[in-house]
Amino acid sequence: MFILGISAYYHDSAATLIKDGEIIAAAQEERFTRLKHDSAFPNKSIEFCLAEANISLNQLSAVVFYDKPLLKFERLLETYYENAPNGLISFVNAMPSWSKQKLFLRSTIRKALNSIDKFDSKNIPLLFTEHHLSHAASSFYTSPYKEAAILTIDGVGEWATATIGSGKGNNITIHKELHYPDSVGLLYSALTYFLGFKVNNGEYKVMGLAPYGIESAEETQKFISLAKENIVQIFDDGSIQLTPSYFSYSTSMKMVKIKKWENLLGIKKRELDDELNQQHCNLALAFQKITEEIVLKLAQTAQNITGSVNICLSGGVALNCVANGKLKQANIFKNIFIQPAAGDAGGALGAALAAYHIYFEKERKVTSSDSLKGAYLGPEYSDGDIKRSISNFEGKKTHFAHFDDLIQYINEKLLNEKVIGWFQDKMEFGPRALGNRSILADPRGIDIQRKVNLKVKFRESFRPFAPIMLKEEVEQLFEFERESPYMLMTAPIKAAYREALPANYTVLGMKEKLDYMKSQFPAISHVDLSSRLQTVDGEYNPKIYKLLQAFKKSTGVGMLLNTSFNIKDEPIVCSPEEAVNCFVKTDIDVLVVGNYVLEK
């Protein structure tokens, strides 16, 4: 039984194919079209999934879309009606796409599928799951738990903005929902907008900026108090109520009433190219703390309702790895699982799994192995593809007949503080590069963080980098137990590896903190001495595992800096050709593509 899951038309379009409950392939459309957060129908992703299984559309048992458009349309109409005449311009702008495409989505999807391959719409059911059920299914059904609490938090689906549910066997039950316009995700996006970053794109920048804030500062505490007294009311169960007069996302293309925020907070809205200052850092920290408080209260409510020792998280807010780390530290649950493509792209996966287990009532098999296969679910390229892609490169090209020889060669380059582009095997599904489409470097290098930010990624200097490490290293280096395969939790570095910092370090400004050497691994230590962790084992990524082993043998530390193989505002590279192009136009020193090494 093959089932195709689709997410499209809002942001991060994707497709996933499962066979008898097993994930065969999954990819985001942006990786093929090279349009960041592409929302178009995922033609190329679907073509890839079908080719991976060597089937046609007519061999599918079902096609499943990740939300219910008519319920979403109902929400839009009710919202515009309640706010009329405000929102008329927004209403007029929104209606063409609904009247031509989204309102008749069943017909639109069938037509789009027919453009890929002849699609027998009479015999292959086209199903629609609710948005938050797709999120819940994507996490619970891929988790290693027979039963679990399920918490989904995002901007908005149809009406729901957060749900608390439970999973047992092949069943999912939703116990509580938080409804639009009250939304944790939209609150965080509102701050993203006010701080001058792009909504649905810059939220992770706000998360990275927050540790530069000074928690003990009077200004930070004032921002928290003002926000909780005026902008968002937080209840004991984690539900929230936003004050409508401070927001405009229901009636315009702007997230907030700018003047009201400015008057309340005493800070001007930042524009995209404005310099970041300490006020911005303190404001980011204030709202990060508020988000963490809400997430912890929702998690506690989920535990109270379900009594489970396990929790599965999904939705865009589940990508807030700092909040996830705080949830782990709180010990509300013994076990936490977060699906790596937790945002809308993962909705395609959840839609397919929900259809298989709920609509078709198929039994769920739970095993200790990773059903997501390390999230390595995307395209893989042959040696012939690689040869063609590198044929016009004019620098030094070396082919290694034995991969172990390549490992030793690249290890020496890392020891000499060279920045490595690393392209291997199947592309990752989700927003993180997990060792197959990665940029790697020595985490001990003093200038590595600045070089990779400014000369490789071409992005803001304050942005942190994550470590990728041998699974057995994590407890040695960080205050963290167990594994973290998907780079979705932060943890503090252990005291033994920290450098002495001045007594007034916590109250220093943004630029002063950035310049201090905070640990023996400055390239991956954020200003609060935390890191976003990724652990690997030899089962799902033996190549990066071998490289980490070689680096450990040379240095005593099985850990490298790992960041996604792309530059600012571009998707992660998918093909060897894109890897070569990125290598050529950046200060990456060495490119590894399969068994080939390219040097300038």
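At what angle do the axes of helix α7 and helix α11 cross, and within what distance do they come? The views below are of a predicted model, in which local features need pLDDT of at least 70 and side-chain atom pairs count only at pLDDT 80 or more, while totals for chains, interfaces and linings use all residues. Residues are numbered from 1 along each chain as its sequence is written, and side-chain values use heavy atoms, with hydrogens and water left out.

**View 1. The packing of helices α7 and α11.** The axes of α7 (residues 184–194) and α11 (residues 278–306) come within 11 Å and cross at roughly 175°, the axes being lines fitted to C-alpha atoms over the stretch in contact and the angles running from 0 to 180 degrees between N-to-C directions. The two helices are therefore roughly antiparallel to each other, a term that applies to angles over 145 degrees. On the α7 side the contact (heavy atoms within 4.5 Å) is made by Val184, Leu187, Tyr188, Leu191 and Phe194, and on the α11 side the residues include Leu283, Phe287, Gln288 and Ile294.

**View 2. The nonpolar core around Leu113.** The largest nonpolar core, a set of buried Ala, Val, Leu, Ile, Met, Phe, Trp, Tyr and Cys residues joined through side-chain atoms within 4.5 Å, has 182 residues, and Leu4, Ile46, Leu113, Phe247 and Trp261 are those with the most contacts inside it. Helix α11 gives the most to this core, with 12 residues. Not counting residues up to four places away in sequence, Leu113 touches Leu4, Ile6, Phe41, Ile46, Leu57, Val63 and Phe119.

**View 3. The open sheet and its edges.** In this sheet, 9 strands follow the order β13-β21-β20-β14-β15-β19-β16-β18-β17, with mixed pairing; helices (H or I, at least four residues) and strands (E, at least two) are DSSP runs, numbered from the N terminus. The edge strands β13 (396–399) and β17 (489–492) each pair on one side only, where pairing requires that DSSP finds at least two bridges between two strands.

**View 4. Strand β21 between its two partners.** Strand β21 (residues 596–599) pairs in the antiparallel sense over 4 bridges with β20 (residues 590–593), and β13 and β21 likewise pair in the antiparallel sense over 4 bridges. Glu599 of β21 is the bridge partner of Val590 and also of Lys396. Both faces of β21 are covered, with Tyr596 and Leu598 on one side and Val597 and Glu599 on the other all buried, that is, under 20% relative accessible area with a 1.4 Å probe and protein chains only.

Notes: Parallel < 35°, antiparallel > 145°, perpendicular 65-115°, else oblique. Buried < 20%, exposed > 50% of the residue type's maximum accessible area, 1.4 Å probe, protein only.
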